[in-house]
Amino acid sequence: MKLGTKLIHAGVAPDPSTGAIMTPIYQTSTYVQSAPGHHKGYEYARTQNPTRDALQDALAAIENGTHGISFGSGLAATDAVIKLLNPGDEVIVSSDLYGGTYRIFTKVFARYGVKFHFIGMQDAQNIRNYVNAQTKMIWIETPTNPLMNIIDIAACAQIAQEHQLLLSVDNTFASPYLQNPLDLGAHIVVHSATKYLGGHSDVVHGAVIVKDEALAQQLYFFQNSCGAVPGPQDCFLVLRGLKTLHVRMQRHCENGATVARFLREHPKVGKVFWCGFEDHPNHDIAKKQMRGFGGMMSFTLKNDSMDAALKVLSSTHLFSLAESLGGVESLIGHPATMTHASIPREERMKNGLVDSLIRLSVGIEDADDLLADLDKAIA
Ligand SMILES: Cc1ncc(COP(=O)(O)O)c(C=O)c1O
């Protein structure tokens, strides 16, 4: 089955009790048993919920995995993955990544004895310099947030295989429409479904997808034992969002290309970071592992002052100034004070995340209106 069909049909079936074509929101905390231990597969809603089951099956299908495990947020999904590790274990992490991921690694899990090495991975071979006997996992985001660097997933998978490490890929920016890390050798895919999967900026949700039974059972165990489960209404919203992922992503890609090219030609714009440019340092890898280049990008102004950037950030009308990304509406953001504020400034600067960087999540509005909005704000 191809992706567009899976997005609409995978995991869902008419409701057995009514024939409802849409999976109902099973808003219940518990299920009646006919005798102790005799039930219909559902005991308590932290452990199982039919709306969540439908979503989990759909998530597994669209990432070409066997198991989807849903969580109350993307960070709760990340939390579950790192709980696969033990004190003393080490993780090699791509240095350009979502600030909240950096925060949970350095401020939460480091306290429990897990060590994180944040390194540049544009050349995946650099990973080899940090592998030692304690290394258990490689964690990457690609495209990276917010600098749109591309990391070679297959090359990372090769290194992971040689050293028997787990490779975990945060696929939030690309979505399964653009890339499927499990097909490239990754063991774990993480999503903030809050973004493209949900697609309408109306739900916070996270997911982990795997194709290994033992890994899946450990993750289900954490889902139930630690309890960061999503509510059934949120599962319903993500399921509904999935049904249009392919058509939304197609437009995100078209608008993304139009906006990126417009910015690059603009006399007041400095650098534009978008992996669809042929001279992007890892464009070849992007072309190899992605089916398009998406609607995420960032840019600086020629007048590289913070004031000028702040002026643009507060002058757009269609691009709303807000955290998050991946919704149908366009957003503009300032990584240094918003999404990446939890990364110390010197770390941000080391990675090239300058204070004046502006990030765009290009939505699916009419591109002409988006260009006019940006043009006016930049002028
Ligand atoms: C790439 C990426 N991963 C993970 C997360 C965390 O997801 P959530 O906000 O759903 O917890 C985010 C949030 O912005 C993100 O951008």
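How far does a polar side-chain atom of T194 lie from an oxygen atom of the ligand? Select T194 together with the ligand and put a distance on the pair: the gap comes to 2.6 Å. Bear in mind as you click around that this is a predicted model.

**Stop 1: the ligand**

Stay here and bring up the surroundings of the ligand. There are 13 residues around it, and those that come nearest are G74, D170, S192, T194 and K195. Now switch on the backbone atoms of G74: a polar one sits 2.9 Å from a ligand oxygen. Step along to L75, where a polar backbone atom is likewise 2.9 Å from an oxygen of the ligand. So much for T194, whose contribution comes from the side chain.

**Stop 2: two domains**

Zoom out and colour by domain. The domain assignment gives domain 1 as 3-242 and domain 2 as 245-378. Each domain puts 43 residues into the contact between them. If you drop a marker on each C-alpha centre, the two markers will be 25 Å apart.

Next, show the surface where the domains meet. About 3500 Å² is buried between domain 1 and domain 2, with 60% of that area coming from carbon and sulfur atoms. Which three residues should you pick on the domain 1 side? Try Y177, L178 and Y196: they supply 22% of the area that domain 1 buries against domain 2, more than any other three residues.

**Stop 3: polar links across the interface**

Keep the interface on screen and look for charged pairs. Side chains of opposite charge can pair when their charged atoms come close. Across this interface there is 1 salt bridge. Select K288 and D152 to see their side chains meet in a salt bridge, 3.0 Å from N to O. Polar contacts between domain 1 and domain 2 come to 20 residue pairs.

To see what domain 1 brings to the interface, highlight its helices. Those that each supply at least two residues to the side touching domain 2 are helix 1 (3-9), helix 4 (99-108), helix 5 (153-163), helix 6 (175-178) and helix 8 (232-242). Colour that side by residue class and you get 22 nonpolar, 17 polar and 4 charged residues.

**Stop 4: a salt bridge between D89 and K136**

The whole structure holds 8 salt bridges. For one of them, select D89 and K136, whose closest N and O atoms are 3.3 Å apart. D89 lies in the loop between helix 3 (74-82) and strand 2 (90-94), while K136 belongs to strand 4 (residues 135-141), so the pair ties together parts that are 47 residues apart in sequence.

**Stop 5: backbone oddities**

Switch to a backbone view for the last stop. Most residues other than glycine have a negative phi, and most peptide bonds are trans. Go to the loop between strand 4 and helix 5, where you will find P143. The peptide bond from T142 to P143 is cis, with omega near -5 degrees. P146 lies in the loop between strand 4 and helix 5 too, and the bond joining N145 and P146 is cis, with omega about 10 degrees.

Finish at S201, in the loop between strand 6 (188-192) and strand 7 (206-210). S201 is not a glycine, yet its phi is positive, about 50 degrees.

Terms used: Residues are numbered from 1 along each chain as its sequence is written. This is a predicted model: local features need pLDDT of at least 70, side-chain atom pairs count only at pLDDT 80 or more; totals for chains, interfaces and linings use all residues. Side-chain values use heavy atoms; hydrogens and water are left out. Domain bounds come from an automatic or database domain assignment. Contact means heavy atoms within 4.5 Å. Buried area is the accessible area (1.4 Å probe) that two parts lose on being put together, summed over both. A salt bridge is a side-chain nitrogen of Lys or Arg within 4 Å of a carboxyl oxygen of Asp or Glu. A polar contact is a pair of N or O atoms within 3.5 Å; within protein, one must be able to donate a hydrogen and the other to accept it, and residues adjacent in sequence count only if both atoms are side-chain atoms. Helices (H or I, at least four residues) and strands (E, at least two) are DSSP runs, numbered from the N terminus. Ala, Val, Leu, Ile, Met, Phe, Trp, Tyr, Cys and Pro count as nonpolar, Asp, Glu, Lys and Arg as charged, and the others, Gly among them, as polar. A residue is near a molecule or strand if one of its heavy atoms lies within 4 Å of it.
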